[in-house]
Amino acid sequence: MVDRLEKIWMDGKLVPWDEAKVHVLTHSLHYGLGAFEGIRAYKRADGRSSIFRLREHIDRLFDSTRLVLMEMPFTREQVMQGCTDLLQANKLEEGYLRPLAFVGEGAMGIYVNNPTRVSIIAWKWGAYLGQEALDRGIRAKISSFARHHIGVGLNKAKMIGQYTNSILAKREAKLGGYDEAILLDTQGYVSEGSGENIFIVRHGTLVTPPLSSSILAGITRETLMTLAREEGIPVVEDRITRDELWLADEVFFTGTAAEVTPVREVDNRTIGEGKPGPITKRLQSRYFDVVRGSDTSHPEWLTSCS
């Protein structure tokens, strides 16, 4: 459950939580056109709070709206300021931010010129799949639902409607007793999780599907690739087959919500020794030291919100 806080940023203003409402004729509610982001703020070891890679997330939000031809009524700087203002108004030292651009009420039908509305919600959110998932790893299942083909959806846009695909895959996995789903692309290669990018480790090399495949260009994905190279770990972007996934020495998910979540089992096949592997643990530790620890090697990734 999302804990109720004091304020929500709605169309440029901070309004009381209970007053952040939309009409039932809101166009995006009916047709699913819209874009969103997920962003985390962390309290660091020095006691200050910072939003992690705020600029990159807001840039991607605006890229998504540009791809779907939605005209944004605010600048990037205004939305970024809204994120910091919202955290301060709610006295949140750590939290999750959800900027959302959607088509408002007015005309109905497939083609309309209704105004774009923008909201930002903040809430307290711990480990997405639970602390045990970060510590021990999770069980995943390859879904019967394929990720959208590049000619069907805009895979580089973080679009509202496209997540129906993820919801179906996740429900299927949970009903089967698994923690998460892994989706293949329409050619049968590993794509991503229901809301995460995926990495495997094979013979000491980190491998992840390329941006040319049906994946979202994850900001946490890019962060982990940067950190891995700094740690001297070889990184390769290449297609991954299902059997390569089963035979991997290590597997882990990345994402703003999932952070760095190890996968200990896929399709009832144990990955490695059935626990987070050494490279996964090393990168997970480095990541958390960057976002909430004392690692100051990437100040450009942190936006102060204290």
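The crossing of helices H2 and H3 is right-handed in this predicted model. Helix H2 covers residues 54–67 and helix H3 covers residues 76–89, and their axes come within 10 Å of each other while crossing at roughly 130°. An angle from 65 to 115 degrees would count as roughly perpendicular and one over 145 as roughly antiparallel, and H2 and H3 are therefore described as oblique to each other. On the side of H2 the contact is made by Leu-54, Arg-55, Ile-58, Asp-59, Leu-61, Phe-62 and Asp-63, and on the side of H3 by Arg-76, Glu-77, Val-79, Met-80, Cys-83 and Thr-84. Sorted by class, the residues in this contact are seven nonpolar, one polar and five charged.

A second pair of helices can be read in the same terms. Helix H6, made of residues 219–230, and helix H8, made of residues 278–292, have axes that come within 10 Å and cross at roughly 110°. Because that angle falls in the range from 65 to 115 degrees, H6 and H8 are roughly perpendicular to each other. The handedness of the crossing of H6 and H8 is right-handed. From H6, the residues Thr-220, Thr-223, Leu-224, Leu-227, Ala-228 and Glu-230 meet Leu-283, Arg-286, Tyr-287 and Val-290 of H8. By class, this contact of H6 with H8 consists of six nonpolar, two polar and two charged residues.

Helix H8 also leads to another part of the chain, since it holds Thr-280. With a relative accessible area of 1%, Thr-280 is buried, and its side chain is joined to the side chain of Glu-250 by a polar contact of 2.6 Å. When neighbours within four places in sequence are left aside, the residues in contact with Thr-280 are Glu-250, Phe-252 and Pro-262.

Pro-262 takes the reader from helix H8 to strand E15, which is made of residues 259–266. Pro-262 is buried as well, its relative accessible area being 2%. Beyond its neighbours within four places in sequence, Pro-262 is in contact with Ala-133, Leu-134, Gly-137 and Ile-138, with Val-251 and Phe-252, and with Pro-276, Thr-280 and Gln-284. The C-alpha atom of Pro-262 is separated by 7.2 Å from that of Arg-136, although these two residues are 126 residues apart along the chain.

Strand E15 also contains Thr-261, which is buried with a relative accessible area of 1%. A polar atom of the Thr-261 side chain lies 2.7 Å from the backbone oxygen of Ala-258. Apart from neighbours within four places in sequence, Thr-261 is in contact with Leu-129, Ala-133, Leu-134, Ile-138, Phe-252 and Phe-253. Ala-133, Leu-134, Ile-138 and Phe-252 thus appear among the contacts of Thr-261 and also among those of Pro-262.

Two residues in this region deserve attention for their backbone angles. Glu-259, which lies in strand E15, has a phi near 60°, a positive value in a residue other than glycine. Glu-259 counts as buried at 4% relative accessibility. Asn-268 likewise is not a glycine and has a positive phi of about 65°; this residue lies in the loop between E15 and strand E16, the latter made of residues 269–270.

From E15 the path can be followed to strand E8, residues 138–142, where Ala-140 is found. Ala-140 is buried, with a relative accessible area of 0%. Although Ala-140 and Val-263 are 123 residues apart in sequence, they are 6.9 Å apart in space when taken from C-alpha to C-alpha. With neighbours within four places in sequence set aside, the contacts of Ala-140 include Val-263, Glu-265, Val-266 and Asp-267, and also Tyr-178, Glu-180 and Ile-182.

Glu-180, one of the residues in contact with Ala-140, falls within the range 180–184 that makes up strand E9, and the loop between E9 and strand E10 (190–193) holds Gly-188. Gly-188 counts as partly exposed at 34% relative accessibility, whereas Ala-140 is buried. Gly-188 and His-148 are 40 residues apart in sequence and, from C-alpha to C-alpha, 12 Å apart in space.

Definitions and conventions:
Residues numbered from 1 in each chain as written. Predicted model: local features only at pLDDT ≥ 70, side-chain atom pairs only at ≥ 80, totals over all residues. Heavy atoms only, no water. Axes fitted to C-alpha atoms, helices over the stretch in contact; angles between N-to-C directions. Helix = DSSP H or I, 4+ residues; strand = E, 2+ residues; numbered from the N terminus. Parallel < 35°, antiparallel > 145°, perpendicular 65-115°, else oblique. Left-handed = near helix turned anticlockwise from the far one by under 90°. Contact = heavy atoms within 4.5 Å. Nonpolar A, V, L, I, M, F, W, Y, C, P; charged D, E, K, R; others polar. Buried < 20%, exposed > 50% of the residue type's maximum accessible area, 1.4 Å probe, protein only. Polar contact = N/O pair within 3.5 Å; in protein donor to acceptor, adjacent residues only side chain to side chain.
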